[in-house]
Amino acid sequence: MHKLVSVKSWKYDANTRHLKIFYENGTGDLYHPVPLFIYDNLLRAHDKAAFVHKYIEFDLHFNRVSIL
């Protein structure tokens, strides 16, 4: 069973299109390439963790690296 984790902070680099997301438990994810419109939608989302789960983790067009 998965434990819910909140998004603590995030950083987006428009030049490289890297999106770094850090969680409250100290882990993080690096996504690439993330278009600017996806990042803009993340900023508008009320539940950042749900947005990441729904729109980024399951989109096969992104590469993902977990940061432990």
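At 42% relative accessibility, R64 counts as partly exposed, and this residue is a good place to enter the structure, which is a predicted model. R64 lies in strand β4, a strand that covers residues 63-67. If you look from R64 towards L42, you will find that the two are 22 residues apart in sequence and 16 Å apart in space, when the distance is taken from C-alpha to C-alpha.

Which residue forms a salt bridge with R64? The partner is D29, and the closest N and O atoms of the pair are 3.2 Å apart. Side chains of opposite charge can pair when their charged atoms come close. A salt bridge is counted here when a side-chain nitrogen of Lys or Arg lies within 4 Å of a carboxyl oxygen of Asp or Glu, so the 3.2 Å between R64 and D29 meets the rule. The pair links distant parts of the chain, since R64 sits in strand β4 while D29 sits in strand β3, 35 residues away. By this rule the count for the model comes to 1 salt bridge.

The two partners can also be compared by how much of their surface is accessible. Is D29 buried or exposed? With a relative accessible area of 3%, D29 is buried, because buried means under 20% relative accessible area. R64, at 42%, counts as partly exposed, because that class lies between the 20% limit for buried residues and the 50% limit above which a residue is called exposed. Besides the salt bridge with R64, the side chain of D29 makes a polar contact with the side chain of Y31, at 3.4 Å.

Strand β3 covers residues 28-32, and following the chain onward from there brings you to P33, which is placed in the loop between β3 and α1, the helix of residues 36-44. The peptide bond that leads from H32 to P33 is cis, and its omega angle is near -10°.

Another backbone feature is found at R17, in the loop between β1 (7-13) and β2 (18-23). Phi of R17 is near 60°, which is a positive value in a residue other than glycine. R17 has 36% relative accessibility and therefore counts as partly exposed. In strand β2 you will find K20, which at 35% relative accessibility also counts as partly exposed. K20 and W10 are 10 residues apart in sequence, and their C-alpha atoms are 5.4 Å apart in space. In strand β1, V7 has its place, and with a relative accessible area of 18% this valine is buried. From V7 to T27 the separation is 20 residues in sequence and 9.8 Å in space, again from C-alpha to C-alpha.

Helix α2 (48-56) holds a charged residue whose surroundings deserve a careful look. K48 is found in this helix, and K48 is buried yet has no salt bridge. Why does K48 have no salt bridge, when a nitrogen and a carboxyl oxygen must come within 4 Å of each other? The nearest side chain of opposite charge, that of D47, is 8.6 Å away, and therefore the 4 Å rule is not met. The side chain of K48 does, however, reach the backbone oxygen of L42 at 3.1 Å. A polar atom of the K48 side chain also lies 2.7 Å from the backbone oxygen of A45. F51 lies in helix α2 as well, and F51 is buried, with a relative accessible area of 8%. F51 and I38 are 13 residues apart in sequence, while their C-alpha atoms lie 9.8 Å apart in space.

The last feature on this path is the space left open by the protein. Rolling a probe the size of a water molecule over the atoms shows where empty space is left. In this model, about 500 Å³ of space lies in the largest pocket. This pocket is lined by 18 residues, and those that lie nearest its centre are K3, L4, V5, H53 and E57. Which element gives the most to the lining of the largest pocket? Helix α2 does, with 4 residues, while β3, α2 and β4 each supply at least two. The residues of the lining divide into 7 nonpolar, 6 polar and 5 charged.

Note on methods:
Residues numbered from 1 in each chain as written. Predicted model: local features only at pLDDT ≥ 70, side-chain atom pairs only at ≥ 80, totals over all residues. Heavy atoms only, no water. 1 Å grid on protein atoms, 1.4 Å probe; cavity = no way out; pocket = protein on both sides within 12 Å on 5 of 7 lines; lining within 4 Å. Points joined across faces, edges and corners; volume = space filled by probe spheres on them. Nonpolar A, V, L, I, M, F, W, Y, C, P; charged D, E, K, R; others polar. Buried < 20%, exposed > 50% of the residue type's maximum accessible area, 1.4 Å probe, protein only. Lys, Arg positive; Asp, Glu negative; His and termini not counted. Polar contact = N/O pair within 3.5 Å; in protein donor to acceptor, adjacent residues only side chain to side chain.
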